[in-house]
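Me: Got a structure I'd like to talk through. Can you explain the labels as we go?

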Amino acid sequence: MKNLVRFQLSAMMFLEFFIWGGWFVTLGTFLGNNLEATGTQTAMAFSTQSWGAIIAPFIIGLIADKFFNAERILGFLHLAGAVLLYMMYTSEDFGTFYPYILGYMIIYMPTLALVNSISFYQMNDPEKQFSGIRVFGTLGWIIAGLVISLVFAWDAPAARAEGMLRNTFLMVAIASAVLGLFSFTLPKTPPSSKGEKVTLSDILGLEALALLKGRNFLMFFISSVLICIPLAFYYQNANPFLSEVGMEDPTAMMTIGQISEVLFLLLLPFFFKKFGFKITLLAGMLAWAVRYLLFAYGDAGEMVYMLIIGIALHGICYDFFFVAGQIYTDSKAGPKIKSAAQGLITLATYGVGMLIGFWVAGQISDLYLNADGTHDWEQIWIVPAAFAFVVMILFAIFFKNEKLDKKVIEKI
């Protein structure tokens, strides 16, 4: 791969995730503090991610894979996204804000697949080259959080009271416009199935449904959907929680989770080889339960270390379940239905699973809302902790341990 192409792809990944991390992390805090949104309304806003994930395959399958170059569609979507982000910046109440965020997430979610497609098309050895490009996406997410907290201090108590978190949308609107224009300079990535008939079955990954006939894969599939319910609690409530209990620079502190994600990704092959797939997934599920117990009983004072450890567990929570699950799916599907299987898992988790999870998180947040506008966070975090623990027990009982092919592990 030429150095210029490597730079272009790295910059693309950086901006792609800088944009997402630059507003999504603080969304719950912004909605509660500035738009006076209820827990249910906040859940509606976060659920737009799931609706975007559900609709995204249709956009990619019917348009990107068949008619137009991926880099051109990426450019168009980010330019349109910049307009919607600016409209979110100008919104004064939840009623006007919601249509813009819904439209934006329907536009943004397909770009996650597009940046991968553009990257893979330029690589002659994706297994070795992709991680070096993708890490710039994680770096972009981290930098966005540091900018919000340490450069502009938009999430500081006084700044939140003045509505400064609104500026996150302006910041990422500019970044989206930059990426939109930059995308037209990216290497050409022609349609992957131009001239071929794309069916509904192809788009939804229905070919992979045959995998559900196997007891182990069915149990994994069900567990993947269920574990997305506690996952939604973190995305929706973590930043409002840390802000409300008084943690200093909460958005910057949450970047510890992304740093942890990179570190534990490096440890994943070791865990696979040493303990096997089942134990690795169980460790991921247990980490979710432990994380929420730390949140429930920690505070921003003497026990702030509990909150920091809870954030740092993100690497185990995400890598040891979701990344490990993608590897497991890849090994079970085989080359013929590999893409269909990954598409089915993504649709089930980020689509259906998290759609349910955001709704549940919103209901629980409203249930434990105090009269003074604060929340009973101990009770709120106990719910996903208990849920994750139950899912872990069911998985431990019904999933029979199996060894993955050494070649699969070596690809990590």
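Reply: Here are some questions on confidence, one helix pair and one tyrosine.

Reply: This is a predicted model, where local features need pLDDT of at least 70, side-chain atom pairs count only at pLDDT 80 or more, and totals for chains, interfaces and linings use all residues. Residues are numbered from 1 along each chain as its sequence is written, and side-chain values use heavy atoms, with hydrogens and water left out.

Me: How do you know where confidence is lowest and highest in the chain?

Reply: From pLDDT, the predictor's confidence in each residue, from 0 to 100. Helix α16 (residues 406–410) is lowest at a mean of 56, while helix α8 (residues 167–183) is highest at 98. The chain averages 90.

Me: Why is α10 called roughly antiparallel to α13?

Reply: Angles between N-to-C directions run from 0 to 180 degrees, and over 145 counts as roughly antiparallel. Helix α10 (residues 215–244) and helix α13 (residues 314–333) pack at about 150°, axes 11 Å apart, so α10 is roughly antiparallel to α13. The contact (heavy atoms within 4.5 Å) includes Phe220 and Leu231 of α10 and Phe321 and Tyr328 of α13. By class, that contact has nine nonpolar, six polar and one charged residues.

Me: What makes Tyr100 partly exposed?

Reply: Buried means under 20% relative accessible area and exposed over 50%, with partly exposed in between (1.4 Å probe, protein chains only). Tyr100 has 27%, so it is partly exposed. Tyr100 sits in helix α5 (residues 94–121) and touches Leu84, Met87, Met88 and Ser91, not counting residues up to four places away in sequence.

Technical notes:
Helix = DSSP H or I, 4+ residues; strand = E, 2+ residues; numbered from the N terminus. Parallel < 35°, antiparallel > 145°, perpendicular 65-115°, else oblique. Nonpolar A, V, L, I, M, F, W, Y, C, P; charged D, E, K, R; others polar.
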